[in-house]
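Work through the exercises below with the sequence and the structure side by side, and try each task before reading its solution.

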Amino acid sequence: MRIKEEIIKVVTKGKAAGVLRLVFHDAGTYEMDENSGGMNGSIVYELERPENAGLKKSLKVLEKAKKEIEAIQSVSWADMIAVGGAEAVSVCGGPKIPVTLGRLDSGEPDPEGKMPEESLDASGLKQCFRRKGFSTQELVALSGAHTLGSKGFGSPVAFDNSYFKILLEKPWNSSAGMTSMIGLPSDRAIVEDDKCLRWITKYADDQNMFFEDFKNAYMKLVNCGAKWKSM
């Protein structure tokens with residue numbers, strides 16, 4: 001698989017969090033009822049939106065690989081991002097995620113205001129994810145992606161279940177100033193919700209279970225709203 005070979009060359013541990021974030025921001029615009037948005041490469045037109053701040057760098061990382069691949073065969077941004085995110089998880093020690101290829105790119109931006117907002121409380125988040133076709137369990141599993149990067153959950157370059165363990169400790173309640181930097185408001189919100197808390201506790205106890213559920217939710221995420229090449 002030529003795509004994977006080229007992506008492995010550019011997605012390092014240090015760049016993994018940003019590349020994985022691209023997946024969430026491309027697919028996160030999906031709305032089930034309207035059948036709009038989703039995994040369609042439209043993120044390339046949406047980089048000026050405030051919620052996508054910082055993603056230009058991550059797109060440039062994949063652009064290098066895309067050029068190499070396009071010398072031989074054409075490849076969509078949607079496929080590049082879907083495979084890039086899976087590789088980001090894998091290079092940091094997470095589960096191996098198979099990604100089907102053949103997505104088509106959109107030629108225009110997705111509607112604005114469809115991304116889950118970081119300031120939502122748990123019931124708002126659950127509703128938002130339901131509109132995208134995801135259960136509370138899948139919401140919690142996908143939130144585990146925040147274990148990568150500088151949100152303060154364990155090592156920024158290790159994909160593991162430390163996110164859930166740290167959520168259970170609620171470090172932001174402690175008096176030490178720095179810990180207030182940990183996580184987003186949405187991370188703090190899910191640990192206060194009974195249904196979410198049930199899954200957070202399970203994943204904190206069982207990393208293999210988290211890996212399996214994350215893998216399945218990721219595969220679903222990268223197929224959200226995707227239009228496919230007819231074979």
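The exercises that follow concern a predicted model, and each one is solved step by step.

**Exercise 1.** Find where asparagine 161 lies, and decide whether asparagine 161 is buried or exposed.

*Solution.* Begin with the position in the chain: asparagine 161 belongs to the loop that runs between α6 (136–143) and α7 (162–169). Next, take the relative accessible area, which is 5% for asparagine 161; since buried means under 20%, this residue is buried. Then look at the surroundings, where, apart from neighbours within four places in sequence, asparagine 161 is in contact with Tyr203, Ala204, Asp206, Gln207 and Phe210. Finally, a polar atom of the asparagine 161 side chain lies 3.0 Å from the backbone oxygen of tyrosine 203.

**Exercise 2.** List the buried residues of helix α5 and state which helices they pack against.

*Solution.* First locate α5, which covers residues 122–131, and note that Ala122, Gly124, Leu125, Lys126, Cys128 and Phe129 are buried there. Then follow their packing, which is against α6, α8 (185–190) and α9 (194–205). Just after α5 comes glycine 133, with a positive phi of about 90°.

**Exercise 3.** For asparagine 35 and lysine 170, give the sign of phi, then the loop and the accessibility of each.

*Solution.* Recall that most residues other than glycine have a negative phi. Asparagine 35, although not a glycine, has a positive phi of about 45°, and lies in the loop between α2 (13–27) and α3 (55–70); its relative accessibility is 48%, so asparagine 35 counts as partly exposed. Lysine 170, also not a glycine, has a positive phi of about 45° and sits in the loop between α7 and α8, where a relative accessible area of 25% makes lysine 170 partly exposed.

Note on methods:
Residues numbered from 1 in each chain as written. Predicted model: local features only at pLDDT ≥ 70, side-chain atom pairs only at ≥ 80, totals over all residues. Heavy atoms only, no water. Helix = DSSP H or I, 4+ residues; strand = E, 2+ residues; numbered from the N terminus. Buried < 20%, exposed > 50% of the residue type's maximum accessible area, 1.4 Å probe, protein only. Polar contact = N/O pair within 3.5 Å; in protein donor to acceptor, adjacent residues only side chain to side chain. Contact = heavy atoms within 4.5 Å.
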